[in-house]
Amino acid sequence: MWEQIFAEADGYLNQIPTVGHDTFCISTRIPLPILVEEEKALDYQKLKGKACLKKRLNDCLAKAIAKKTGKPYEINGDIRFIFNFIRHKLTWEYLPIYIFGRYNKLSRGLAQSKWHCIKCAGKGCDYCKGKGRMYDSVEEIVAGYFSGIGKGTKLDFTKSHGLIQKKLVKPQMASRFHASGREDVDARMLGPGRPFALEIENPLSLEFDLGEIEKKINQREDLRANGLRKVSREFVELVDQSHFDKEYDVFVDCEGEVSAAMVKELNSIADLEIAQQTPERVLHRRADLVRRRVLRELKCTQLKPNLLKLHLVCEAGFYVKEFVYSDNGRTNPSLASLLEMKCTPRDLDVVKIRDGYLDFMLHINKI
Ligand SMILES: [Zn+2]
């Protein structure tokens, strides 16, 4: 039996990729009834402790693959070889890869994640001019630059009429976008950028040049990416769960003239706790709660009697626009309530995310 398995496996081994990965791992699929029978036999013959079928198969395969590729076996290697015991079939897939970076959004018409058209849910209609989307998104644009390696397509080798044939199965774009928070569609993301990670499932290849991809993205008018690098899944979880303080700039049109005394008072604000009931505009996707967030600093510059420029430093989750216009009193205190006049925000920019912790974690290589 072993001879037969390995005679066939040898045919597959001639086809396996020998470049594009540094390490490999193995998964052997043996049907449960066989494993149960094996356990019974081992028990009966009091042979417990003797290497089981799965382990012996894995060891033999690991040796053969290491010899063929010159690469070492590792428990979570870059590429996983899957051996099907019943069909004597060897397939493989690359494990997901995670690309971390920071993006700048220079357009006021770009969503962070895929946003399907509300009329056709993505199929394409007159309302969305056939695009299926309300807006283009950072997620789709970034993923597009990796599409050559991230189609999630798996190479499958099957034997037919004595010949090993290569065919593509499961063709689908398989990537996920992770980010540390998000800005509104009409807000720009400036400064050092927002931390994000692109997860590419089952990549076709691990051979790509992140510097080149970054250069290509940065030829765009609407989006920039910087510091692209491969990271671990644990690091991506850190990005996902992070809540960093943020700095914003926003212009405010005031209904009346703002006095110099009032501007002075605004500039003295520090660590002011603000109650924010879920904004009306996001009620459809978030629970209706009152959240308390701290406005750490406020710098107010008067450009015209009724035009202000604000620079705010606030806790994660702070709604800046609502702080300006009060959202029908749902945010309290607000700029409108402090000035006792109608205030309208415009041209909101995120100018800095205080995310130095991520660089620290990358630097000490803890994760
Ligand atoms: Zn549509």
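Biologist: Which residues of helix H7 are buried?

Modeller: Keep in mind that this is a predicted model. To read burial, look at how much of a residue stays accessible: under 20% relative accessible area counts as buried, over 50% as exposed. In helix H7, which covers residues 260-267, the buried ones are Met262, Val263 and Leu266. Looking down the axis of H7, these fall within an arc of 100°, so they line one face of the helix.

Biologist: And what does the face of H7 turned away from its buried side carry?

Modeller: You'll find the exposed residues Ala260, Ala261 and Lys264 there.

Biologist: What do the buried residues of H7 pack against?

Modeller: For packing, we look for heavy atoms within 4.5 Å. Here the partners are strand E14 (290-304), strand E15 (307-314) and helix H9 (335-339).

Biologist: Okay, now the core. Which residues in the largest nonpolar core touch the most other members?

Modeller: A nonpolar core is a set of buried residues such as Leu and Val, joined through side-chain atoms. This one has 63 residues, and Leu308, Leu310, Leu312 and Leu339 touch the most other members. Domain 2 (97-242) and domain 3 (246-353) both contribute residues, so the core lies between them. There's also a second, separate core of 18 residues, with Leu13, Phe24, Leu61 and Trp92 among them.

Biologist: What does Leu310 touch, leaving out residues up to four places away in sequence?

Modeller: Its contacts include Tyr248, Val252, Leu298, Cys300 and Leu335.

Biologist: How many helices and strands does the chain have?

Modeller: There are 10 helices and 17 strands, and 45% of the 367 residues are buried.

Definitions and conventions
Residues are numbered from 1 along each chain as its sequence is written. This is a predicted model: local features need pLDDT of at least 70, side-chain atom pairs count only at pLDDT 80 or more; totals for chains, interfaces and linings use all residues. Side-chain values use heavy atoms; hydrogens and water are left out. Helices (H or I, at least four residues) and strands (E, at least two) are DSSP runs, numbered from the N terminus. Buried means under 20% relative accessible area, exposed over 50%, partly exposed in between (1.4 Å probe, protein chains only). The arc is that of the directions from the helix axis to the C-beta atoms. A nonpolar core is a set of buried Ala, Val, Leu, Ile, Met, Phe, Trp, Tyr and Cys residues joined through side-chain atoms within 4.5 Å. Domain bounds come from an automatic or database domain assignment.
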